[in-house]
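Biologist: Hi! Could you walk me through this one?

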Amino acid sequence: MDKIVIEGGFPLRGDIRISGAKNSAIKLMAVCLLTDQQITLTNMPRLRDTRSMGQLLTHLGVEVGEVGASTMTLHAPKLSSSEAPYDLVRKMRATFNVLGPLLAREEEARVSLPGGCAIGARPVDLHLKALEAMGAKIELEQGYVVASAKGGLRGAEISFPFVSVGATEHALLSAVLAKGETVLMNAAREPEIIDLANCLNAMGAKITGAGRSEVRIEGVAKLGGVEHSVVPDRIEAGTYALAAATAGGSVRLTHVRHDHLGALWPLIAQAGARVSLDDSTVLIERGTGRPNPVDIDTQAYPGFPTDLQAQFMALVGLADGVSIIRENIFENRFMHCPELTRMGADITVRGREAIVRGVPEYVAAPVMATDLRASASLINAGLAARGETHISRVYHLDRGFEHIEVKLGQCGARIKRVPDD
Ligand code: UD1
């Protein structure tokens with residue numbers, strides 16, 4: 001396995017092109033199960049997670065093709081299996097979202113319970129309750145969900161007890177071909193959900209209200225093909241914005257939807273970086289001097305994203321003062337804290353809160369990537385640290401960041417990928 005080696009202490013200067021959103025791309029790939037026509041996805045990021053989803057879809061009988069670097073075609077005139085085995089699902093939780101589309105198309109499915117980042121218990125009870133409300137019969141057998149919906153799924157009123165991105169997307173994917181109307185209440189409002197709904201509507205679905213708490217889906221009998229461009233990755237954009245704020249310098253992000261990060265910009269500015277927003281670009285500048293402390297509180301969209309919590313902590317870890325970081329979405333998402341502490345950070349975790357007492361500098365150390373976004377926070381800390389930071393277990397990074405060492409290298413970062421021995 002590879003590791004990333006960073007010689008820190010150099011400010012970043014240059015442009016970074018933001019890729020299509022991982023969290024949107026992997027759900028968009030599943031729409032091919034709902035039609036016998038071809039799906040073409042452009043602005044696709046090349047990631048381990050999109051490859052994992054591709055492997056699962058291939059197993060189900062989908063013809064998966066690549067055209068150039070960032071276009072993917074998916075075509076399933078008929079499916080050869082309705083079983084998603086453990087080996088393919090354990091690598092990435094979002095593969096579980098094939099369950100609803102398989103039920104909608106084949107009226108039966110056998111899907112392994114998911115794996116993914118170890119950032120909490122992450123059950124799928126809301127997904128299963130939504131499918132049951134739509135008439136699916138569900139049993140759990142040796143780690144598998146065995147489901148059937150003879151005669152197809154039916155529209156239903158589904159009120160989520162709390163906001164779940166995955167369950168909202170899964171319900172959307174399941175309801176588009178159901179008989180009658182489905183109403184989702186307390187739905188997640190993330191931009192990736194709007195992206196999924198836009199793609200499904202372009203295929204002939206009838207979804208209204210995506211991006212709001214109440215979403216209505218009028219089931220249709222058939223969906224057609226589509227060409228759809230994946231929305232820009234707001235988490236990748238936020239990560240590089242925070243890299244510039246942490247390491248200093250001046251970085252211009254291009255191909256961004258800055259309106260998708262409305263909760264981040266004021267907080268980066270409060271920390272002392274200058275943020276200039278333009279049509280599809282964002283310029284982040286930070287000179288010398290320590291950042292200011294800033295408290296954050298993660299929330300479902302449009303609040304501060306949990307997926308940027310670790311990277312924000314790497315920034316305020318260097319602040320001149322104390323910051324309180326509260327994680328409200330996942331119960332176990334502070335695994336980067338001991339690793340940042342190895343680099344000299346002063347962090348105390350109490351339940352869902354981390355008290356971060358800023359230190360004047362990070363000092364390079366060997367550290368270990370524990371999950372996808374935690375890995376990015378170690379990269380950002382390494383860019384600012386004195387000395388050479390070695391980050392092992394980088395496969396987490398490859399799940400969600402396209403060419404991270406190339407993109408940062410173009411901005412002057414001294415970063416390389418080497419085999420880990
Ligand atoms: C998605 C994102 C992830 C992001 C998260 C929150 C993808 C591939 N991943 O994950 O990057 O951090 O949204 O913005 O899009 N929960 C239950 N039961 C369920 C479903 C969820 O208890 O059936 C809990 C989870 O354990 C978690 C909370 O609800 O504590 C929110 O999870 P959810 O919004 O579903 O996150 P994911 O869709 O897994």
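**Cavity, pocket and helix packing**

Modeller: Sure! The largest cavity has a volume of about 30 Å³, counted as probe spheres set on grid points joined across faces, edges and corners. A cavity here is a set of points on a 1 Å grid over the protein atoms alone where a 1.4 Å probe fits but cannot get out. This is a predicted model, with local features needing pLDDT of at least 70 and side-chain atom pairs pLDDT 80 or more, while totals for chains, interfaces and linings use all residues. Residues are numbered from 1 along each chain as its sequence is written, and side-chain values use heavy atoms, without hydrogens and water.

Biologist: How many cavities of 30 Å³ or more are there?

Modeller: Just one.

Biologist: And which residues line the largest cavity?

Modeller: Thr-306, Ala-310, Arg-333, His-336, Asp-371, Arg-373 and Ala-374 (lining means an atom within 4 Å of a point).

Biologist: What about the second largest pocket, how much space lies there?

Modeller: About 300 Å³. A pocket is an open set with protein on both sides within 12 Å along at least five of seven lines. Its lining has 18 residues, with Thr-246, Ala-247, Arg-286, Thr-288 and Gly-289 nearest the centre. Helices α8 (234-247) and α12 (372-384) each give two or more residues to that lining; helices are DSSP runs (H or I) of at least four residues.

Biologist: Switching topic, how do α8 and α10 pack?

Modeller: The axes of α8 and helix α10 (residues 309-316) are 9 Å apart, at an angle of about 5°. The two are therefore roughly parallel (under 35 degrees).

Biologist: Which residues meet there?

Modeller: From α8, Ile-235, Thr-239, Leu-242, Ala-245 and Thr-246; from α10, Gln-311, Phe-312, Ala-314 and Leu-315 (heavy atoms within 4.5 Å).

Notes:
Axes fitted to C-alpha atoms, helices over the stretch in contact; angles between N-to-C directions. Parallel < 35°, antiparallel > 145°, perpendicular 65-115°, else oblique.
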